[in-house]
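Let's take a friendly tour of a protein model. Keep the picture in view as you read, and try to find each part as it comes up.

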Amino acid sequence: MTVSTLRRLTGDEKHAPSAHSTLDVIRVLYERVLRITPETADEPDRDRFLLSKGHGPAAYYAVLADRGFIPEDWLDRMGQWNSPLGTHPDRVLIPGVEAGTGSLGHGLGLAVGVALGLRAQGYLQTRTFVLLGDAELDEGSNHEAIAYAAALPLPLTAIVIDNRSATHGWPGGIPARFPGWTVSLVDGHDHDEIERGLLVRTGKPHLIVAAVEPKWS
Amino acid sequence: MMRETFVAATTALLDEDPRTALVLADISADVFAPALRKHPDRALNVGIREQLMVGVGGGLAMTGMRPYLHSYAPFLVDRAYEQIKLDLGHQDTGAVLVSIGGSYDSAASGYTHHSPGDVALLDTLEGWTVLVPGHHDEVPAMLREAARHDDRVYIRLGLQENTRAYPDGGKLRVLKRGGPLVVAVGPMLDPVLAATADLDVTVAYTNTPRPLDTEGMRLLAEGEVIVVEPYLAGTSARLVSEALSGLPHRALHLGVGRAEIRDYGTWEDHARAHGLDAAGLRRSLRAFLGGGA
């Protein structure tokens with residue numbers, strides 16, 4: 001079970017709020033939505049999930065272990081020497097991880113490229129998901145990708161975990177920063193709401209704002 | 001001419017190979033317009049968003065495509081350095097970066113549009129092949145060779161060209177035999193040949209400074225070596241030192257100076273100011289080699 005698996009992870013307490021805020025969305029993705037298994041992790045038409053918010057990947061690792069992508073005993077040594085699990089994920093070291101992230105503001109641009117590459121190669125049913133944090137949206141590179149995806153338009157799904165940690169907040173709301181995108185607002189812990197948001201396919205880029213408790217509460 | 005050759009060769013690659021992708025950040029979108037129209041799914045202009053251009057390139061590469069990215073060197077390399085480091089290198093993917101405007105080619109635009117440090121920046125990263133053509137006829141083969149694999153390649157196009165092409169310039173190619181070794185990188189060849197016309201030196205050319213032909217350098221260098229590069233002076237100093245490790249030698253590294261020249265004009269003006277025209281090179285060579293050269 002993912003929650004008990006998550007408790008097994010230690011060594012990155014600094015990022016624990018980040019990890020826990022993403023847990024339910026990542027669980028719903030892997031348990032209900034993504035067409036990917038350890039056996040299909042290298043298939044070219046697999047669905048893609050990129051954790052742009054590479055900070056605090058404990059929830060991600062826990063889900064990957066639960067779904068059989070990585071051995072559970074890897075979890076005991078996160079961040080240690082000779083461990084494949086860092087406190088930020090590395091796609092070269094970890095089966096099932098699509099993007100090595102940690103520096104904020106990279107995942108959405110990469111996801112746009114992934115979605116374009118899949119479309120160009122005819123994988124029209126393959127979906128691309130990327131998960132960001134609300135504070136991460138401060139990075140200007142996100143806004144380059146947001147505008148470009150809307151202009152195309154490119155059907156990928158971005159999930160923003162809103163734990164109200166952006167330094168200056170988002171006056172007017174996060175969706176106002178995604179012009180041209182369709183939007184779902186969900187409770188970031190309600191699995192059915194999250195699933196409904198993730199299943200939306202509009203032909204446009206789709207934003208899901210998953211609200212969770214404030215980081216600093 | 002190099003830019004025109006690049007556009008023609010890359011447009012042909014897009015036509016011939018469905019794996020080829022082109023990602024622009026507005027620069028050269030006008031000359032690539034036919035390709036952008038013909039291949040809208042993989043010839044892309046993301047707008048003036050260089051970080052995104054590299055991110056998109058990394059994503060395309062993740063799906064098995066071969067992306068060619070292009071802009072002015074200060075925007076392609078300096079500005080998007082972290083994306084190059086992470087979205088390509090750290091993801092263990094590759095791309096072909098093709099720049100114009102390296103060093104001081106955009107002289108009239110001022111220092112915001114200069115990039116003397118592009119190759120030095122890439123030298124901080126692993127696995128980059130750096131190609132610096134000295135003539136536009138050397139460009140198509142570089143682009144086509146890069147299409148055959150997935151590695152990280154930087155092709156630095158320039159306004160300055162030599163009078164003739166050397167398609168076999170991947171290794172050190174000796175053009176003049178004599179005393180101390182002078183290595184000319186890319187478009188530095190003609191001014192080096194002019195500067196050394198009556199000097200007893202060996203002149204070798206390369207358009208592939210990375211990986212540097214260290215074996216050739218070790219064979220050719222006999223105690224004194226001068227490297228003339230069209231980017232930041234000393235960029236290759238570490239590699240030359242490693243190549244000649246254990247061999248007593250003196251080395252001189254000539255290239256673009258670190259001090260910003262707050263002036264405009266043409267690339268020829270800046271070459272002169274940095275001592276990279278024939279007369280300036282001759283002064284530096286004679287000072288280093290003494291009267292015996």
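## Two helices that cross

This is a predicted model, and our tour begins with a pair of helices in chain B. The crossing of α1(B) and α7(B) is right-handed. To find these helices, look for residues 2–16 of chain B for α1 and residues 139–146 of chain B for α7. They pack at an angle of about 35 degrees, and their axes are 9 Å apart.

Which residues make the contact between α1(B) and α7(B)? From α1(B) come B:Met2, B:Thr5, B:Phe6, B:Ala9, B:Thr10 and B:Leu13. On the other side, α7(B) supplies B:Val139, B:Pro140, B:Leu143 and B:Arg144.

## The two domains of chain B

Now step back to chain B as a whole. The domain assignment divides it into domain 1 (2–156) and domain 2 (173–292). The C-alpha centres of these two domains of chain B lie 27 Å apart. Where they touch, domain 1 of chain B contributes 22 residues and domain 2 of chain B contributes 22 residues. On the domain 1 side, the elements giving two or more residues are α6 (118–123) and β5 (128–131) of chain B.

A UniProt record adds a label here: an unreviewed entry lists residues 2–165 of chain B as "domain: Transketolase-like pyrimidine-binding". Over residues 2–165, chain B is 40% helix and 18% strand. The C-alpha atoms at the two ends of that stretch are 12 Å apart.

## Where the chains meet

How many residues of chain A are in contact with chain B? There are 23 residues of chain A, and they are in contact with 26 residues of chain B. On the chain A side, the elements that give two or more residues are α4 and α5 (140–151) of chain A. The most comes from α4(A), with eleven residues.

## A shared nonpolar core

In soluble globular proteins, nonpolar side chains tend to be buried together. In this model, the largest nonpolar core has 144 residues. Those with the most contacts inside this core are A:Val112, A:Ala210, B:Leu22, B:Val183, B:Ala184 and B:Val228. Helix α4 (residues 107–120) of chain A gives the most to the core, with nine residues. From chain B, the core draws at least three residues from each of domain 1 and domain 2.

To finish, zoom in on B:Val228. Leaving aside its neighbours within four places in sequence, B:Val228 is in contact with several residues, including B:Val182, B:Val183, B:Ala184 and B:Val185. Also among its contacts are B:Met188, B:Val192, B:Leu254, B:Gly255 and B:Leu281.

Methods. Residues are numbered from 1 along each chain as its sequence is written. Chains are lettered from A and ligands numbered from 1 in the order in which they are written. This is a predicted model: local features need pLDDT of at least 70, side-chain atom pairs count only at pLDDT 80 or more; totals for chains, interfaces and linings use all residues. UniProt positions are given in the numbering used here, feature names are shortened, and annotations may be inferred rather than shown by experiment. Helices (H or I, at least four residues) and strands (E, at least two) are DSSP runs, numbered from the N terminus. A nonpolar core is a set of buried Ala, Val, Leu, Ile, Met, Phe, Trp, Tyr and Cys residues joined through C-beta atoms within 7 Å. A residue is buried if 20 or more other C-beta atoms lie within 10 Å of its own, exposed if 12 or fewer, and partly exposed in between; C-beta atoms are placed from the backbone. Domain bounds come from an automatic or database domain assignment. Two residues are in contact if their C-beta atoms, placed from the backbone, lie within 7 Å. Axes are lines fitted to C-alpha atoms, for helices over the stretch in contact, and angles run from 0 to 180 degrees between N-to-C directions. A crossing is left-handed if the near helix is turned anticlockwise from the far one by less than a right angle, and right-handed if clockwise.
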